[in-house]
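Student: I should like to understand how the labels given to parts of a structure are justified. May we work through some of them together?

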Amino acid sequence: MSDPSSASSSERLPAGPQAEGYPDDASSHSEGMRPRHVRDDETVPTEDDPPPHPQHEGLLTLVATPIGNLGDLSPRAVAAMRTADLVLCEDTRVTARLFTEHGIGTRAEPLHEHNERQRVPGLIDRLLQGQRIALVSDAGMPLLSDPGYRLVRAAIDAGICVTAVPGPNAALTGLVLSGLPPHPFLFVGFAPPRSAARRESFATLHAAERAGLKATLIWHEAPHRLAEMLADLGVIFGEERPAVVARELTKRFEEARRGTIGSLAAFYAETAPRGEITVLIGPFDETEHKTDNLDDQLETALTTQSVKDAAALVATANGLPKKIVYARALALMAIRRKQEEPSGN
């Protein structure tokens with residue numbers, strides 16, 4: 001069963017004579033008004049209308065599915081799945097619920113990270129034969145932290161038409177609820193599961209920030225890794241960085257907990273989270289960080305440390321990848337040696 005969220009009466013837009021800016025005899029869209037994006041010579045598409053595409057040509061349609069609330073599945077999404085010859089699902093058991101809810105009888109087959117590479121050639125053959133295939137993930141937009149990229153890339157290379165039915169997306173929903181600057185933003189996907197790799201990936205992003213990247217950063221995370229992830233974010237990006245943990249988006253217990261990375265890390269170290277999670281941190285503010293030049297820091301460290309140790313020390317202090325700092329330390333040492341060489345006659 002769906003769990004639609006209904007707006008309160010104060011949140012609903014007035015219709016008809018009460019609608020500010022509308023003539024007294026105006027009606028709402030639900031009462032027959034044509035959508036503004038439809039021309040007078042066009043018919044308004046319905047749920048049962050197939051996508052406008054030649055029947056003899058193959059078509060791959062990427063279909064967004066609800067991220068929690070079944071009421072968010074669009075009529076176009078239902079039509080795309082209903083009129084397809086095949087629906088590819090990340091997990092057919094999850095998609096079966098949508099099929100039951102909307103009376104969809106299309107054949108469904110699995111396409112996930114473990115079989116996508118093997119299945120792509122056969123699927124491309126079917127598309128070239130003129131079949132219509134819809135691709136859905138368990139939740140949200142396909143390809144975004146979900147399978148499907150290999151198939152889409154192969155379809156494009158084969159000259160097959162690829163289209164999309166947009167819809168729910170956890171990253172964007174979390175972004176607009178966060179209160180953080182909405183653009184520019186960078187969606188990173190899931191962070192690596194192990195702390196060492198996670199910190200390295202965070203450090204690479206922080207290095208890009210020090211080079212000029214200013215964007216709200218967005219990740220997905222599993223509940224059992226959230227506390228450790230937030231702790232690693234604090235080590236690399238600083239505990240005072242504004243952050244948001246968005247949880248159970250579009251569901252009954254939707255929550256956007258706002259604070260600093262440090263305060264959120266402390267909270268979730270004591271409170272086990274539940275549900276699907278999106279983590280966001282605000283853009284880098286260089287005025288809140290040390291303004292020492294990286295080369296100056298390395299020069300100072302190199303007076304008492306080996307190249308390896310100096311690079312490790314400076315990299316940790318600045319939240320930068322050790323490989324990048326080590327390469328710069330070697331370059332500085334090469335410059336120093338050249339300067340110390342006796343000049344020729």
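Tutor: Let us begin with a definition: a residue is buried under 20% relative accessible area, exposed over 50%, and partly exposed in between. Please keep in mind that the model is predicted.

Student: Why is Arg 257 called partly exposed?

Tutor: Arg 257 has a relative accessible area of 28%. The cut-offs are 20% and 50%, so Arg 257 counts as partly exposed.

Student: What makes the contact of Glu 255 with Arg 257 a salt bridge?

Tutor: A salt bridge requires a side-chain nitrogen of Lys or Arg within 4 Å of a carboxyl oxygen of Asp or Glu. The closest N and O atoms of Glu 255 and Arg 257 are 3.1 Å apart, so the pair meets the definition. Glu 255, with a relative accessible area of 21%, is partly exposed.

Student: Why is Asp 91 called buried or exposed?

Tutor: Asp 91 has 19% relative accessibility. Buried means under 20%, therefore Asp 91 counts as buried. Its salt-bridge partner is Arg 93, with the closest N and O atoms 2.9 Å apart. Arg 93 itself is exposed, with a relative accessible area of 69%.

Student: What places Asp 157 and Arg 153 about one turn of the helix apart?

Tutor: Both residues belong to helix 4 (residues 149-157), and they are four residues apart. Their side chains form a salt bridge, 2.9 Å from N to O. Asp 157 has a relative accessible area of 58%, so it is exposed, whereas Arg 153, at 36%, is partly exposed.

Student: How many salt bridges does the structure hold, and which residues are linked in a network?

Tutor: The structure holds 15 salt bridges. Arg 107, Glu 109, Arg 119 and Arg 126 are linked in a network of them.

Student: What makes strand 1 mostly covered?

Tutor: Five of the five residues in strand 1 (residues 59-63) are buried. On one side lie Leu 59, Thr 61 and Val 63, and on the other Leu 60 and Leu 62.

Student: How do you know that strand 1 pairs with strand 4?

Tutor: Pairing requires at least two bridges between the strands. Strand 1 and strand 4 (residues 132-136) have five bridges, in the parallel sense, so the requirement is met. Strand 1 is also joined by five bridges to strand 5 (residues 161-165), again running parallel. Val 63 stands opposite Val 136 in strand 4 and opposite Val 165 in strand 5.

Conventions
Residues are numbered from 1 along each chain as its sequence is written. This is a predicted model: local features need pLDDT of at least 70, side-chain atom pairs count only at pLDDT 80 or more; totals for chains, interfaces and linings use all residues. Side-chain values use heavy atoms; hydrogens and water are left out. Buried means under 20% relative accessible area, exposed over 50%, partly exposed in between (1.4 Å probe, protein chains only). Helices (H or I, at least four residues) and strands (E, at least two) are DSSP runs, numbered from the N terminus.
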